[in-house]
Amino acid sequence: MTPEQFQLAAVAPRLPGTVPADRIATVSVRRHAPSLVAPLLTMPDLCSAVADTLDELGTGSVIPGHLLNRAAGDGRVCGPAITLRYVAVGGDVSANRAAGRGRVIGDRDLYGLAQPGDVAVMDASAAHGTAVIGGLSARWATLAGLGGCVVDGTVRDTDTLREVGLPIWSAGRNPACGRYRIEAVELNGPVSLFGRLVRPGDYLVADDDGVCVIPHDDVPAVVERCLAAARAEHELAALLASGRSVEEVVSVLRGRSTPA
C-alpha cells in the first residue's frame with residue numbers, strides 16, 4: 001500500500017464514496033499551525049490588510065466582493081484550502097438524468113477530507129448557472145468542522161444557509177441544483193477562482209470586502225507583515241483621535257511613511 005493509499009484508507013470512514021478514488025488527487029494537504037494565523041482573525045479590515053501585504057510581497061491574489069460576495073455567515077475566515085473542481089455535463093437535464101450523467105457531486109467527499117478550520121474552495125466556473133452548495137451541504141460542512149466555503153459558482157437554499165451560519169462566499173444564487181448539470185472531476189487538485197490559481201494548502205482569507213489567496217509558503221511572511229502594519233495603523237488612528245489639529249498631526253508625521 002502506497003502512502004497515499006494508506007492516507008485514503010484512514011479517512012475512508014468519513015467519505016460517502018460518491019467520488020471515485022482516482023479523482024482524489026491528494027489526501028495530505030499542507031497546513032500551518034493554527035496558532036500562526038490566529039492573530040489575523042483578530043484584525044479589523046482583514047482582507048484589506050492582507051491585500052496590501054500581498055502587493056508588497058508580489059504574491060498571491062485578490063478577488064473583489066462584487067465577484068465573490070458573502071452568501072451566508074458572519075465574521076471572517078482564514079484557513080487552508082481543500083479544493084473541488086467541477087465540469088459542465090452539458091445537454092438536457094432530463095436526458096442526463098435518464099443516462100446517469102452528472103451524478104458525481106463531490107462536496108460531501110471533500111468535507112470528509114477536511115480538518116477543522118479548512119476552507120472548501122469549489123471551482124464551478126464552467127457552469128456558473130447552477131448551484132453547488134445548498135442547505136444540506138452547509139450542514140454537512142459544519143458537522144465536518146469547515147471554517148467556511150468559497151465557491152466560484154452559485155449557491156441556493158439561502159434561508160437555510162443563513163440559519164446554519166457557515167461563512168460562505170459565492171458568485172451568486174440560483175435555485176437550480178448542480179445534479180445532472182455538473183460533475184466533480186478532481187478533489188484536492190489546483191482550481192481557479194475567477195482566474196486566480198488556488199492550490200490545496202494555500203490560505204483563503206475572506207470578509208465583506210472579498211477574498212484573498214495566500215500561497216502556502218508565503219503565509220508566515222504575510223502574517224508577520226500584517227501584524228506590523230496593524231500596529232502602525234493603530235498608532236496612526238490613536239494620533240488622529242488624540243484631539244490634535246490637522247496641522248499638529250501633519251507636523252508629527254512629516255517625512256514618515258504612513259499606512260494606506
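## Helix H3 and what follows

Let's start just past a helix: Gly58, which comes after H3, has a positive phi, near 65 degrees. Bear in mind throughout that this is a predicted model.

Helix H3 itself covers residues 46-57, and its end C-alpha atoms lie 17 Å apart; this agrees with the 16 Å that its twelve residues should span at 1.5 Å a residue. Its buried residues are Leu46, Cys47, Ala49, Val50, Ala51, Thr53 and Leu54. As a reminder, residues three or four places apart on an α-helix point the same way, because there are 3.6 residues a turn.

## Strand S11 and its partners

Next comes strand S11 (residues 203-207), where five of five residues are buried. In a regular strand, side chains alternate between the two faces of the sheet. Here both faces of S11 are covered, with Tyr203, Val205 and Asp207 buried on one side and Leu204 and Ala206 on the other.

S11 runs antiparallel to strand S3 (residues 77-88), and four bridges join the two. Leu204 of S11 is the bridge partner of Gly79. S11 is also antiparallel to strand S12 (residues 210-214), this time through five bridges, and Ala206 stands opposite Val211 of S12. Two residues sit between S11 and S12 in the hairpin they form.

## The second largest pocket

Finally, have a look at the second largest pocket, which holds about 280 Å³ of space. Its lining counts 16 residues, of which Arg108, Gly134, Arg156, Cys177 and Arg179 are the closest to the centre. Helix H5 (107-112), strand S5 (131-133) and helix H6 (135-143) each give two or more residues to this lining.

By class, the residues lining this pocket are seven nonpolar, four polar and five charged.

Conventions: Residues numbered from 1 in each chain as written. Predicted model: local features only at pLDDT ≥ 70, side-chain atom pairs only at ≥ 80, totals over all residues. Heavy atoms only, no water. 1 Å grid on protein atoms, 1.4 Å probe; cavity = no way out; pocket = protein on both sides within 12 Å on 5 of 7 lines; lining within 4 Å. Points joined across faces, edges and corners; volume = space filled by probe spheres on them. Nonpolar A, V, L, I, M, F, W, Y, C, P; charged D, E, K, R; others polar. Expected span 1.5 Å × (residues − 1). Buried < 20%, exposed > 50% of the residue type's maximum accessible area, 1.4 Å probe, protein only. Pairing = 2+ DSSP bridges.
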